[in-house]
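Here are some worked exercises to go through with the viewer open. Try each task before reading its solution.

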Amino acid sequence: MTTSELITPSHLSRKALIYIRQSSPQQAINNQESLRMQYALHQRALELGWPEAAIDIIDRDLGTTAASADHRAGFKEALAQVTLGQVGI
């Protein structure tokens with residue numbers, strides 16, 4: 001486990017949330033390295049001390065523009081979890 005002085009027990013008592021998004025269907029196809037790096041944040045959360053069960057990946061908004069949040073269900077879910085204090089990172 002890689003530790004960080006910035007990660008406290010308070011952080012680890014809440015979940016790690018990884019929100020993954022590409023702005024368009026074309027970006028989701030063409031930017032595979034970016035997508036791979038975003039998914040790799042799961043491993044980083046494990047290294048920092050979060051247990052597997054406490055890591056959530058939200059990737060429902062792949063290929064969805066950020067012009068409006070109205071149709072981005074994943075963003076709304078992430079925002080709600082952060083607002084409710086359920087997320088440590």
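**Exercise 1. Read off the fold.** In what order do the elements of the protein run from the N terminus on?

Solution. The model is predicted, and its elements go α-β-α-α-α-β-α. Tallied by type, that makes five helices and two strands.

**Exercise 2. Get the overall dimensions.** Work out what the C-alpha trace spans along its principal axes, and what share of the residues is buried.

Solution.
- Step 1: the C-alpha trace spans about 40 × 30 × 20 Å along the principal axes.
- Step 2: of the 89 residues, 28% are buried.
- Step 3: the accessible surface is about 5500 Å², and carbon and sulfur atoms own 58% of that.
- Step 4: take the contacts with a separation of 6 or more; 65% of these come from residues 24 or more positions apart.

**Exercise 3. Find the core.** Which residues form the largest nonpolar core?

Solution.
- Step 1: the largest nonpolar core has 10 residues, namely Ile7, Ala16, Ile18, Ile20, Leu35, Ala45, Leu48, Trp50, Ala54 and Ile55.
- Step 2: a general point helps here, since nonpolar side chains in soluble globular proteins tend to be buried together.
- Step 3: pick one member, Ala16, which sits in strand β1 (residues 16–19). Alanine 16 counts as buried because its relative accessible area is 1%, and the cut-off for buried is under 20%.
- Step 4: list the partners of alanine 16, skipping neighbours within four places in sequence: Ala45, Trp50, Ala54, Ile55, Asp56 and Ile89.
- Step 5: now do it from the other side. Alanine 45 touches Ala16, Trp50 and Ile55, with residues up to four places away in sequence left out.
- Step 6: for a pair that spans some distance, try alanine 16 and leucine 62. They are 46 residues apart in sequence, and their C-alpha atoms are 19 Å apart.

**Exercise 4. Hunt for salt bridges.** How many salt bridges does a search of the whole structure find? Then look at three of them in detail.

Solution. The search turns up four. Here are three to click through.

*Glutamate 33 and arginine 36.*
- Step 1: the side chains meet in a salt bridge, 2.6 Å from N to O.
- Step 2: both residues are in helix α3, and because they are three residues apart, about one helical turn separates them.
- Step 3: check the exposure. Glutamate 33 is partly exposed at 44% relative accessible area, and arginine 36 is partly exposed at 48%.

*Arginine 44 and glutamate 47.*
- Step 1: this salt bridge has an N to O distance of 3.6 Å, and the cut-off is 4 Å.
- Step 2: the pair is three residues apart in helix α4 (residues 41–47), so about one helical turn lies between arginine 44 and glutamate 47.
- Step 3: arginine 44 is partly exposed, with 35% relative accessible area, while glutamate 47 is partly exposed at 28%.

*Glutamate 77 and arginine 60.*
- Step 1: the side chains meet at 2.2 Å, N to O.
- Step 2: glutamate 77 belongs to helix α5 (residues 73–83), and arginine 60 to the loop between β2 (55–58) and α5, so this pair ties together parts that are 17 residues apart in sequence.
- Step 3: glutamate 77 is partly exposed at 29%, whereas arginine 60 is exposed at 51%.

**Exercise 5. Compare sequence and space.** How far apart are glutamate 47 and serine 4, in sequence and in space? Do the exercise again for glutamine 32 and glutamine 22.

Solution.
- Step 1: glutamate 47 is in helix α4. From glutamate 47 to serine 4 there are 43 residues in sequence and 9.7 Å in space, C-alpha to C-alpha.
- Step 2: glutamine 32 is in helix α3 (residues 32–39), and is partly exposed because its relative accessibility is 44%.
- Step 3: glutamine 32 and glutamine 22 are 10 residues apart in sequence, with 9.9 Å between their C-alpha atoms.

**Exercise 6. Locate the charges.** What distance separates the mean positions of the positive and negative charges?

Solution. The protein has 8 positive and 9 negative charges, and their mean positions are 4 Å apart.

Definitions and conventions. Residues are numbered from 1 along each chain as its sequence is written. This is a predicted model: local features need pLDDT of at least 70, side-chain atom pairs count only at pLDDT 80 or more; totals for chains, interfaces and linings use all residues. Side-chain values use heavy atoms; hydrogens and water are left out. A nonpolar core is a set of buried Ala, Val, Leu, Ile, Met, Phe, Trp, Tyr and Cys residues joined through side-chain atoms within 4.5 Å. Buried means under 20% relative accessible area, exposed over 50%, partly exposed in between (1.4 Å probe, protein chains only). Contact means heavy atoms within 4.5 Å. Helices (H or I, at least four residues) and strands (E, at least two) are DSSP runs, numbered from the N terminus. Accessible areas come from the Shrake-Rupley method with a 1.4 Å probe; for residues, only the protein chains shown count as cover. Lys and Arg count as positive and Asp and Glu as negative; His and the chain ends are not counted. The place of a charge is taken as NZ of Lys, CZ of Arg, CG of Asp or CD of Glu.
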